[in-house]
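Visitor: Please show me a protein model and explain the terms used to describe it.

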Amino acid sequence: MKKKAFSIMVSLALLGGLILGGCSNSDDTSNEPADSSSGDKTVVKMMHLWPEGSSKAQFTIVDNIIKAYEDANPDVDIQTEILANEQYKEKIKVLTASNELPDIGITWAAGYMQPFVEGNMFAPLDDIVKTDQFVAGTLDAFSVDEKPYALPLELNIAPIYYNKEIFENNGLDVPTTYDEFLNVVETLAKNDVIPITLGNKDRWTGSMWYMYLADRIGGTDTLNNAINRSGSFEDPALVKAAEEVKKLVDMGAFVKGTNGLSNDEAKGYFMNEQAAMYLMGTWELPNYTTSPDVPQEFKDKIGYFKFPTYEGGKGNIDSFVGGPGVGLFVSEQSKVKDEAKEFVAYLVEEWGKHSVVDAGVIPATKVDTSSGDLAQMYIDILNDLGNASNLTLYADVQMSAAVADVHLNQIQALFGGQTTPEEFAKVQEEALAAEE
């Protein structure tokens, strides 16, 4: 069976204050839900992945929305279980195996979601969706046979954040070409500064570096074609992208022990000004703009730049790795399906109203922010999105769970020097071909 690869061609008319949305990653633990009975109230159980300790902005938004909904609907009790990103994924696996999914939960798009839909675990949400509510393309990634099975909360891109003071102290300018970027890496490494922090224990983090190189070298379609089987993962451009990753590793571009660091551990090197650069999704923007927990002195030092162009490559600087972040599903087996759907519709709408202005989180819904006071970095990101030529959805999300695991393991092996670029490509091609 051929898989759909998502490459969203962007001609996003961001008229006035129409904006797009980010994703999040987190690392704290949970508020366990209470028993399913709550007096005369209808209990709706929800799991999400924004702990207060590490994702305070997103946690606060959801918490406030729940309180407002319960105030307006006193016969409904929304009970939450909150887990870190990786913990959440593991818990969902366990709950799926026992057919005990929460009434409402978080899902990723495309290949990740597909088995849940095919297994009749997610309820279709076409009866509550407002198509014109969402930025073009975001709902498609959560749809199967043109029917949505989750509603997206976020859309994001992944720029390279950098410390302006570190660049200035080392006589460096923002690179626009890959050769210039390599010079930045070489200069920082020579001056005993960590060029790039990367927590590749989580694997998807390293995949973004590979995806950008594949895009810049081979152009927009090469990686997508390998995934949707109209092309091959052994395409020379994809092998070359792996060679460039190996080159970066060999020249000391990444923090030592990158494969043993989680994303949150690696982020600490950037937040503590020990590393000059950090490639991550726009869900990190609050840390550099609005978060009250981050000193303004640090925020003033942070900028970002687009992944540079590759000399002789087919990609362009306005093509981004990104796409829809997480979405909300309703369990098909839920005993309170109607109530769960009503709350999901409410949450998505309210998230869009409050996420940017209140917490600096960019939503997947169209929002008028003309009356809001946005930080300059948000304005710049939105302008870049308006000029974007392409958004390519994360490779592991496009793939089936089994192939995604192969891809992510190969990414980790590549960064760890445990495979060659040729073998890296060959193993993934075999995994993809086996599912045709």
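Guide: Some questions about helix packing and salt bridges follow. This is a predicted model, in which local features need pLDDT of at least 70, side-chain atom pairs count only at pLDDT 80 or more, and totals for chains, interfaces and linings use all residues. Residues are numbered from 1 along each chain as its sequence is written, and side-chain values use heavy atoms, with hydrogens and water left out.

Visitor: Why are α6 and α8 called oblique to each other?

Guide: Helix α6 (residues 204-218) and helix α8 (residues 236-250) pack at an angle of about 130°. Angles under 35 degrees count as roughly parallel, over 145 as roughly antiparallel, 65 to 115 as roughly perpendicular and the rest as oblique. The two helices, α6 and α8, are therefore oblique.

Visitor: What makes the pair Arg-229 and Glu-436 a salt bridge?

Guide: A salt bridge requires a side-chain nitrogen of Lys or Arg within 4 Å of a carboxyl oxygen of Asp or Glu. For Arg-229 and Glu-436 the N to O distance is 3.4 Å, and the pair qualifies.

Visitor: Why is Arg-229 called buried or exposed, and what of Glu-436?

Guide: Buried means under 20% relative accessible area, exposed over 50%, and partly exposed in between (1.4 Å probe, protein chains only). Arg-229 has 13%, so Arg-229 is buried; Glu-436 has 54%, so Glu-436 counts as exposed.

Visitor: What makes Glu-430 and Lys-426 a salt bridge?

Guide: Their closest N and O atoms are 2.7 Å apart, which satisfies the rule. Both residues, Glu-430 and Lys-426, lie in helix α16, 4 residues apart, about one turn of the helix.

Methods. Axes fitted to C-alpha atoms, helices over the stretch in contact; angles between N-to-C directions.
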